[in-house]
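Take a slow look at the model below. We will walk from its surface to its inner spaces, and then to a link between two side chains.

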Amino acid sequence: MTTQTYQQRGDSVYRSARRVARRVVLAWYRTKPAKALYSSKAALVPPRRGFHPARAYRSTSKKNAQQRFGQTHTFTFFIGYPRSGHTALAAAMNGHPNVLIAHELDFFRWLALNVSPGHLLRLIVERDRWFEKRDRSWETYSYRVPGGTYEACATRVVGDKMAAITTQKLLGRPELLTQLRSKFDFRIRVINVVRNPFDNIATAHRKSDMSLDETIDRYRQLSTGVRQVTNQLQTSELITIRHDELTTSAESELKRVWEYLCLPRDDEYLPKAAAFIKPPSHRARDGIAWSDDQIQAVHSIIQEFDHLDGYHFNSG
């Protein structure tokens, strides 16, 4: 057989291999997860800040996901307001060896695309891997808790931290909570960290382009969302954490969270997690000028919503 014949046969094998590979790729694109990722709906979930959702399928096998989530019993997420301390609490929780909390995956956006439960869990894993590559840094803060466990372990509690966006989504689409219950055979546990509204609003105003009046209006909208989600939950499915108590009595508040999530007690990690949560150095509300009408508007929100009871402009 001549060299040319060998070359012709090689070219034929190469073309056949390419045809097979093309069929495999086309078959993948017809699957439900691929349709969710690459159809017209994919415009809703573009890669952001280096996070590529499609890698959830490539880098996390089904077998590994089953091993990791075989003991999972609880799905948790956060509701409430930006700048309330959710991120610090989620970081303290995520350092527990049996907890995996994605940093701002926007879980309910993916749930709305109706992707499979296994794919949703792998997205959480991939998002945490992405956050690890950023050295668990966000904005100007590090959320790596000294002594925390970030290697793959048997996960008992899984979830996502994106309080304000989640609250807005559930306000507009309350059926997503019902959809979550149908997707997973997990207990639902919701966490709401509440801070003095004046500090919340002041910090959100300073960090955004919104006017103070617009920020107050958004705070009222989020308060409506918190109340709506609360009404959809059973009493055992929601815990409210006061920011001032979390920052001044962190260890006792974290114990409450551990018990609420049915997590095994970790006496070695708990003090380290508590030391990570620090009180603010100043009252954010003192850094901006408030009119009497604006103060009254915030007080009216406090009076309207039960979870804000006890706060006022001069409270701690």
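Start with helix H11, which gives the most to the negative patch, with 3 residues. This is a predicted model, so read every value as computed. The patch sits on the surface. Its members are Asp213, Glu214, Asp217, Asp292 and Asp293. Two helices each supply at least two of its residues: H11, running 212-232, and H15, running 292-304. Find aspartate 217 on your display, and you are in helix H11. Why do these residues count as a negative patch? Asp and Glu count as negative, whereas Lys and Arg count as positive.

Now turn to the open spaces. Rolling a probe the size of a water molecule over the atoms shows where empty space is left. The largest pocket has a volume of about 1500 Å³. Its lining counts 43 residues. Which of them lie nearest its centre? They are Arg83, Thr87, Glu139, Tyr141 and Tyr143.

Many elements help to build this lining. Helices H5 (86-94), H7 (117-133), H8 (163-172), H10 (197-207) and H12 (243-248) each supply at least two residues. Strand S4 (141-142) does so as well. H10 provides the largest share, with 4 residues.

Next come the closed spaces. A cavity is a place where the probe fits but cannot get out. There are 4 cavities of 30 Å³ or more. How much space lies in the largest cavity? It holds about 100 Å³.

Look at what lines this largest cavity. Thr87, Ala90, Ala91 and Asn94 are on the list. Ile101, Ala102 and His103 are there too. Phe131, Arg136, Tyr143, Tyr150 and Lys161 complete the lining. H5 and strand S2 (99-103) each supply at least two of the lining residues. H5 gives the most, with 4 residues. Thr87 appears in the lining of the largest cavity, and Thr87 is also among the residues nearest the centre of the largest pocket. Tyr143 lines the cavity and is likewise listed near the centre of that pocket.

Finish with the charged pairs. The whole structure holds 17 salt bridges. One of them joins the side chains of glutamate 104 and lysine 161, at 3.0 Å from N to O. Glutamate 104 lies in the loop between S2 and helix H6 (107-112), and lysine 161 lies in strand S5 (residues 157-161), so the pair ties together parts that are 57 residues apart in sequence. Lysine 161 has been named before: Lys161 is one of the residues lining the largest cavity.

How values were computed:
Residues are numbered from 1 along each chain as its sequence is written. This is a predicted model: local features need pLDDT of at least 70, side-chain atom pairs count only at pLDDT 80 or more; totals for chains, interfaces and linings use all residues. Side-chain values use heavy atoms; hydrogens and water are left out. Patches are made of residues with over 30% relative accessible area and no salt bridge: like charges are joined within 9 Å, nonpolar side chains (Val, Leu, Ile, Met, Phe, Trp, Tyr) within 5 Å. Accessible areas come from the Shrake-Rupley method with a 1.4 Å probe; for residues, only the protein chains shown count as cover. A salt bridge is a side-chain nitrogen of Lys or Arg within 4 Å of a carboxyl oxygen of Asp or Glu. The place of a charge is taken as NZ of Lys, CZ of Arg, CG of Asp or CD of Glu. On a 1 Å grid over the protein atoms alone, a cavity is a set of points where a 1.4 Å probe fits but cannot get out, and a pocket is an open set with protein on both sides within 12 Å along at least five of seven lines; lining residues have an atom within 4 Å of a point. Grid points are joined across faces, edges and corners, and a volume is the space filled by probe spheres set on the points.
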